Amino acid sequence: MTTPFQRELEIALSAVKQASQICRSVQAAITDEVLEKKDKSPVTIADFSSQAVICRALNEAFPQDPIIGEEDAAELHLEENHEFLEKIVAELNKAEIPETSPENVCRWIDHGGAKEYSSRFWTLDPIDGTKGFLRKEQYAVSLALIVDGKIVLGILGCPNMPFPIDETVTGTLYYTVADQGAFAIPLNQDDQEQAAFPIRVTTTDDFSQSRFCESVESGHSSHGHSQQVAEKLDIEKEPRRLDSQAKYAVVAQGNADIYMRLPTRVGYREKIWDHAAGVLLVQEAGGTVTDITGKPLEFDQGYELKNNQGVIVTNGPLHPELIQTLGELAINE
Ligand SMILES: Nc1ncnc2c1ncn2[C@@H]1O[C@H](COP(=O)(O)OS(=O)(=O)O)[C@@H](OP(=O)(O)O)[C@H]1O
Ligand SMILES: [Mg+2]
Ligand SMILES: [Mg+2]
Ligand SMILES: [Mg+2]
């Protein structure tokens, strides 16, 4: 019997692995190569290279599948960004990506430009936690497949995450397929199947023994509100702050029990590429994910989680009381 989505998994794993390795190589050489997007957030050569490589691979294998990706090539067409585009081309040439040219790179990136919901699509964050990437801390290459509104496959390439059972190994590739469990493999290992390590959330139901994680940037998740929740629930341990969906991985592998993402401003809607892969990883590791009101996240609303506010991730047993406490403290947007 074949595993469901086996071919999708193989192609997506290999693409995310390749993109993660390019990100590593760019990170090792980072100088000041950052563009500022319209919303003032940063984007680097690595974000664009990663999106180009993954969209190219998916387009080749699954030409019918739309991709809702974070980046687009609009800025790269500008004359003033010509050199920046050439640097992306150079990275892809270094990685020996066939048919690399400035035109093809822009085309591949824009292949990830779908915005609307469809019955089967991929969602891609070529670098989640770009600020973490620039600080040389945690970031993730995140890819998920959504079929009929359900996440069926998720991959997180985390080049700076220690491997859960051997902290001397840096770089972990997480993957999950619905109903098949959640796994970690070393990013550098060639024989991936041999090394697949099943990951699992914790089982604690005691908040005083629990640890939560949250964003580094207080603009992405309210640190003040999470502090209030922690005080009310007698959470004694200091929060672990890290960038990107690496937070989902930390909960999925039992290094923290909770991830809180609490709205910082009215009207901001979470983007599906910031969550899809992480959500399935935690669920398949035994945990629970909802928004701050306890509602399931809805991945059939286009590129945003239109009907949800914030995100709450737990090991499961801690979930009901945490949601209740958020309600009691009237923490919403
Ligand atoms: N206001 C607001 N609220 C919530 N989320 C926001 C907000 N603004 C931006 N973003 C998104 O945050 C993504 C990074 O989230 P992180 O949890 O990694 O934050 S942090 O990097 O630790 O600060 C980041 O993803 P990347 O752009 O891929 O890094 C953004 O999509
Ligand atoms: Mg992101
Ligand atoms: Mg990103
Ligand atoms: Mg971004």
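User: Two strands pair if DSSP finds at least two bridges between them. Which residue of β11 is the bridge partner of C213?

Analyst: R240. This is a predicted model, where local features need pLDDT of at least 70, side-chain atom pairs count only at pLDDT 80 or more, and totals for chains, interfaces and linings use all residues. Residues are numbered from 1 along each chain as its sequence is written, with chains lettered from A and ligands numbered from 1 in the order written.

User: How do β10 and β11 run, parallel or antiparallel?

Analyst: Parallel, with two bridges joining β10 (residues 212-214) to β11. Strands (E, at least two residues) and helices (H or I, at least four) are DSSP runs numbered from the N terminus.

User: And what's the order of the sheet?

Analyst: β11-β10-β12-β14-β13, an open sheet of five strands with mixed pairing. Its edge strands, β11 (240-241) and β13 (288-290), each pair on one side only.

User: Switching to α3: which residues are buried?

Analyst: L85, I88, V89, E91 and L92 (buried: 20 or more other C-beta atoms within 10 Å of a residue's own; exposed: 12 or fewer; partly exposed: in between; C-beta atoms placed from the backbone). They cover an arc of only 155° around the axis (taken from the directions from the axis to the C-beta atoms), so they sit on the same side of α3.

User: What's exposed on the other side?

Analyst: E83, E86 and N93 are exposed there.

User: What do the buried ones pack against?

Analyst: Helices α1 (6-28), α2 (45-61) and α4 (102-111), where contact means backbone-placed C-beta atoms within 7 Å.

User: And what follows α3?

Analyst: E96, whose phi is positive, near 60°.

Key
Two residues are in contact if their C-beta atoms, placed from the backbone, lie within 7 Å.
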